[in-house]
Amino acid sequence: MKVLLVYPLFPKSFWSFEKTLALLDRKAMLPPLGLVTVAAILPQEWEYKLVDRNIRQITQAEWDWADLVILSAMIVQKEDLLEQIREAKKRGKLVAVGGPYPTALPNEVTDVGADYLILDEGEITLPLFVEAIAQGKKTGMFRSGGEKPDVTNTPIPRFDLLEFDAYAEMSVQFSRGCPFQCEFCDIIVLYGRKPRTKKPEQLLAELDRLYELGWRRSIFMVDDNFIGNKRNVKLFLQELQPWMVAHQYPFSFATEASVDLAQDQALMDLMVVCNFGAVFLGIETPDEESLAVTQKFQNTRDSLSEAVEKITRSGLRVMAGFIIGFDGEKTGAGGRIVKFVEQTSIPTALFSMLQALPDTALWHRLEKEGRLRSKSANINQTTLMNFVPTRPLAEIASEYVEAFWELYEPSRFLDRAYRHYRILGEATYPKKGKGGKKPLDLKVLKALLTICWRQGMLRNTRWQFWRNLWSMYQHNPGGVSSYLAVCAQIEHFLEYRQIVRDQIEAQVAEFQAAEAKLKREEAAMQVAA
């Protein structure tokens, strides 16, 4: 069986970083870990080719070669997923699909011709699919029936199928699931509230494989909450630390975690000595009432600003997610988020309007209340809310656009990055020795020089840029290259904040025109009656 694995396009988004990646001649931030894991679970006597459409197009030869096309996608990749299913069917190929989007909305992929739906988690449903293929079945839907697989049996992903030079970071996964119950979150729907972790030696074997293949850059632990099972995480980190020393620190790590990370200094210290450099926190909002409404109680137990500061002073760069549009939210939420981000000096603040994702608790509640505007959803930053909020949609959208614009005004962004790295400079980091120093990368050097030219010469941030860089060199010399890499993000946000403004304002105008038309029609009907 010749299998073509296809990863659909992402639209431009907060995380796409096209202009920043171009500085390093990279095409995408992260590889499709799900698809290379699928390739490892399926029969190894089958042949595999992988095309990430965020990297390149599928060639005619690859279409001709394939007996079966397997695609996986998240909701944000919906448009290109459906297009690639149509394209494969035009060519007479058998098509199988899986991943979060088909699992949530299976009818949308069968409507365009998908033959096999491999839903839920693949460790359970892929063997069912293989059995159906062996029996000669040409269609089928394969579900786990609520069962969650033991991820200690998950094989090492087929990293060899990836085009390493195209990616800024590599990805691995230690755990699935999250113990919390945030109303808007689809992770607990997909993977459950009992975090399941791999064995330490299992993940170290994955790192061995990446090392063997020549990877020497950053790795993102794609766990939705890396610290969901703190006991097992500590056991893993205790084994990772000597591995990193023995291999002379070949990787740096980043991950996602809940804010209660700040309550465990020992865990933060372990992460830092294992060369974790950044963590993404789901803060959502500084409004405690909104956190209670959405059942994110773990963010109400301690001061959020103190938690951010404690994590940063431990040596972990903080990225954070924020949301506007919660039920009962008071006017000015956008401004309060901007104020919080500025006070905590978080450089990279993901900001979105709330979306009701399929099958979440929020989705079901709003559907029961008759408030869903659309049965589809999109977690991109250029999409209006898909439900009727408790305050005017236009007001929320206006606050959102203005807040996004302020957050990524170049001088404010660079100021936050500088302040953040000054705090990071006070942390204690592992001594890596001479062997831990990586050789000079000409692409990185060229990128750094380009940043210095654009931000330090061409733009009106020039004095701020050089002043901050000199101060960084004096107070946190070890963090200079990482600091400049974060400064490079503004190359993306300068363009993207304009895209957000243009698209959201256009959608609001369309929404308001439709509302006005509906009111005129209702008034006309009343007059006629």
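This is a short tour of a predicted model, one selection at a time.

**Stop 1: the main core**

Start inside. Select Phe129, Leu237 and Leu240. These residues have the most contacts inside the largest nonpolar core, which has 142 residues. Now add helix H16, residues 393-407. H16 gives this core its largest share, eight residues. In soluble globular proteins, nonpolar side chains tend to be buried together.

Go back to Phe129 and show what surrounds it. Setting aside residues up to four places away in sequence, Phe129 touches Leu42, Trp46, Leu68, Ile70, Ala96, Tyr116, Ile118 and Phe142.

A second core is separate and has 26 residues. To find this second core, select Trp65, Ile75, Leu82 and Leu357, which are among its members.

**Stop 2: helix H2**

Select residues 33-41. This is helix H2, and seven of its nine residues are buried, so H2 is largely enclosed by the rest of the structure. Colour the buried ones: Leu33, Leu35, Val36, Thr37, Val38, Ala39 and Ala40. What covers the buried residues of H2? The cover includes strands E1 (2-7), E2 (47-52), E3 (68-72) and E7 (170-172), along with helix H7 (122-134).

**Stop 3: helix H17 and its charges**

Select residues 410-424 for helix H17. H17 has 15 residues and reaches 21 Å from its first C-alpha to its last, close to the 21 Å expected at 1.5 Å a residue. Its buried residues include Phe413, Leu414, Arg416 and Tyr421.

Now show Glu342 in sticks. Which residues of H17 form salt bridges with Glu342? One is Arg412, with the closest N and O atoms 3.2 Å apart. The Arg412 pair joins helix H17 to helix H14, across 70 residues of the chain. Another is Arg419, where the closest N and O atoms are 3.3 Å apart. Arg419 and Glu342 are 77 residues apart in sequence.

Check the exposure of each partner. Glu342 is buried, at 16% relative accessible area. Arg412 is partly exposed at 28%, and Arg419 is partly exposed at 26%. Widen the selection to Glu406, Asp415 and Arg416: they are linked with Glu342, Arg412 and Arg419 in a network of salt bridges.

**Stop 4: a buried pair**

Select Glu329 and Arg391. They form a salt bridge, with the closest N and O atoms 2.8 Å apart. Glu329 sits in the loop between strand E13 (317-324) and helix H14 (333-344), while Arg391 sits in the loop between helix H15 (361-368) and H16. Buried or exposed? Glu329 is buried at 5% relative accessible area, and Arg391 counts as buried at 8%.

**Stop 5: two loop residues**

Move to Pro430, in the loop between H17 and H18. Pro430 is buried, with a relative accessible area of 17%. Select Val272 as well: Pro430 and Val272 lie 158 residues apart in sequence, yet 7.5 Å apart in space, C-alpha to C-alpha. Beyond neighbours within four places in sequence, Pro430 contacts Tyr249, Val272 and Val273.

Next, select Asn476, in the loop between helix H19 (462-475) and helix H20 (480-487). Asn476 counts as buried, at 10% relative accessibility. Outside its neighbours within four places in sequence, its contacts are Tyr421, Leu424, Gly425 and Ser471.

**Stop 6: the outside**

Finish on the surface. Select Trp453, Met457, Leu458 and Trp466, which make a nonpolar patch of about 440 Å². Helix H18, residues 442-458, supplies the largest share of this patch, three residues. Met457 belongs to helix H18 and is partly exposed, at 44% relative accessible area.

Terms used: Residues are numbered from 1 along each chain as its sequence is written. This is a predicted model: local features need pLDDT of at least 70, side-chain atom pairs count only at pLDDT 80 or more; totals for chains, interfaces and linings use all residues. Side-chain values use heavy atoms; hydrogens and water are left out. Helices (H or I, at least four residues) and strands (E, at least two) are DSSP runs, numbered from the N terminus. Buried means under 20% relative accessible area, exposed over 50%, partly exposed in between (1.4 Å probe, protein chains only). Contact means heavy atoms within 4.5 Å. Patches are made of residues with over 30% relative accessible area and no salt bridge: like charges are joined within 9 Å, nonpolar side chains (Val, Leu, Ile, Met, Phe, Trp, Tyr) within 5 Å. Accessible areas come from the Shrake-Rupley method with a 1.4 Å probe; for residues, only the protein chains shown count as cover. A salt bridge is a side-chain nitrogen of Lys or Arg within 4 Å of a carboxyl oxygen of Asp or Glu. The expected span of a helix is 1.5 Å times one less than its number of residues. A nonpolar core is a set of buried Ala, Val, Leu, Ile, Met, Phe, Trp, Tyr and Cys residues joined through side-chain atoms within 4.5 Å.
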